[in-house]
Amino acid sequence: MRDDESSKVVRIPYIRFKQTCVSRVTVCPTGICLATANLAVIEEVRMQRSMRAKKKRRVGAIAVSVLVAGLGPLLLATPGQTQVPYAQASIKASATGTVVHAGALQSGATRLLDGEVAFSGAAYDSQGLTQTLLNEMQRPFAPVNASKLSSGRASGLEVGLGVTPKDPNQLILAGEADASSPPSGPPVTKEIGPVPAGPLAWASVLRGTADANAVPSVCALGTDLSNGTAFAADAQLLDAGKSTPTGLQSPVLAADAPTPDRAVSNSTSRTLFVSQRDSKGKLQGPDFGVMSEVRETIAPVTFFKGTPNQFTIEVLGEWVLQTVATGLPGGAYVHYGPEKASPSTPILRVIQSSGTQTFSFQDVFGSKGLVITIPGVAEIAIGEDPRAIGGSDTSSPETSPGGTKTSAAVDVARVRSLPNAPGDIEDVRVGHMEASALVPAGGVACPLPITKIPSVSSVNVGGTFTTTFTVNNPFQCTLKNVSITDDVTTDGLATFSVDSTDPTAAVTGGGKTGTISWTGLGDIKPGKSETVSAVFGAHGGTGHIIDIAKGSAKLADCGTPGATVAGVDVSVTGAGLSGSSPLVSVPVGVQTAVAAAVATPPSNAAVAPEVAKNSGELPRSGRNILILVATGFLLIAAGAVAIKTASYGS
């Protein structure tokens, strides 16, 4: 053999050694080096590779778990922002309107005279009414009461002398209709007429109605969160002449007319949930926003009646201010104007002894407003755009880009008497309206109330129990397309079966997991409920049968008046609801009596003496058998050594 042939170069593929003796190609003259020294190293390397692979798998699994935990909610979430459950949301809404406000001679915070015709207000705060709400004229329209979530108020006519913001007007002729919740109750109405209260005021009929429906755990859908409606017919303020039982002789201000149908002033303020639609009616999301709204019908307002300086402002139709916040980008907006009017529709007239000026919709809303001066008597501003509440005439309403907040104030007309006028009225507003709305980003999720009650607190293996599922309808809408799905799992050794359902449901799975589905349960009218049930069987061993029910439905036939913005329906009708019950976990146990009977044979059993001696025990296995086997192998090995030695000796 050649010397170079006696030395073999052995390459070990795919293995990279770290030890010095094998970190390179190893030359072994006989080849035994590889077979002896390197085999141990190779085995060690294989073990290290296996450990590294396992470690990588563990790290990979952890990384995947982290990614799933972090990205899972994002993958499962709907596009856009996540809505906030009603019980956790911070929601605020307010609206107030007065058909005519008259103020005179204010010094600091004290106003010598304050008069309000058809004054309404509504407020809602999911965190409680923790402060008194004031309008721009510093008149309170929602009282502080931290235990209440919503309030409505209305008065037909009120007058105050020497009042400050903290003081209510002393003379509220119709009485103030005031409602608050919780709890919800029937609307409150106050009415009186005729009302001879000269020389301060006079009216033929005054009425106020208020309602509040907010509760902590359930959205008030299909009805207002709060509202107030004020009504005044033939209202007159501040007689400059001699009062009579049939009216004031020369009222400085009179909201009346020769015909009864035009002599009525009406103001309605309300707050309510709406669907998530933008200003053009496009559906933004499946949940809910909030709208605050003021609607006013304004009787002709005559100034300095019975004098040569008499003039009248006549506003035609119903006027509305609405603020909407959906919680989604582009979902905060303001609408203001006559409810129904084309550009050429006459909507406002100023009537004087010298003639009548008529203004169309386009005249009023085609610019930043008009100012009309009646020489020596008054200055009238009409057609101004909505402004920020408490802001200047040139300010803009607040509308957040994210759609969470909006607020605005507006006057159909503002009148200021000039120095030579027969009466000194510093501030008169005709058709004053304010509204604001605030919701969390993403909007508000209103849950469908669903409860689930098992008939037992625990069950033994082999036993059964009944679970009752109930969908309640606390809304002022009918629930349609109602469905219930119950997802069931178990832990420990427990398994389950669904033995029956009422009414018949689709059942899938069983054992460790399964689902029960009821669909087409029919309509649920307001204030009613629908109940279904399932009988479960407990099997396996100890553990728990765990389930959570989910329900869904659509809102239909909701209460009036609904909600429209510029002819676009934004009401909750047609919206879908979903909800989940609390998780229910029924413990599954093993009956003690059954276990004892299995462990102990009957005393009169015919048992052979050999078996009775063992007390019913099975033959043992485990360590004792292993010792015997190991001893056997040692004996065999010793025998083999002895035989081999003997053979060599021979």
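Student: What makes K92 a residue to name when we describe the largest pocket?
Tutor: K92, S94, Q131, L133 and S436 lie nearest the centre of the largest pocket. The lining has 24 residues. A pocket is an open set of points on a 1 Å grid over the protein atoms alone, where a 1.4 Å probe fits, with protein on both sides within 12 Å along at least five of seven lines; lining residues have an atom within 4 Å of a point. This is a predicted model: local features need pLDDT of at least 70 and side-chain atom pairs pLDDT 80 or more, while totals for chains, interfaces and linings use all residues. Residues are numbered from 1 along each chain, and side-chain values use heavy atoms, without hydrogens and water.

Student: How do you know that C219 and C446 form a disulfide?
Tutor: Their sulfur atoms are 2.1 Å apart. A disulfide needs two cysteine sulfur atoms within 2.5 Å. So the pair qualifies.

Student: Why does this pair tie together parts that are 227 residues apart in sequence?
Tutor: C219 lies in the loop between β14 and β15, and C446 in the loop between β31 and β32, so the link joins those parts. Strands here are DSSP runs (E, at least two residues), numbered from the N terminus.

Student: Why is C219 called buried?
Tutor: Buried means under 20% relative accessible area, with a 1.4 Å probe and protein chains only. C219 has 3%, so C219 counts as buried.

Student: What makes C446 buried?
Tutor: C446 has a relative accessible area of 5%. That is under 20%, so the word fits.

Student: How do you know that a disulfide joins C477 to C558?
Tutor: The S to S distance is 2.1 Å. The rule asks for within 2.5 Å, so this pair passes.

Conventions: Helices (H or I, at least four residues) and strands (E, at least two) are DSSP runs, numbered from the N terminus. Buried means under 20% relative accessible area, exposed over 50%, partly exposed in between (1.4 Å probe, protein chains only).
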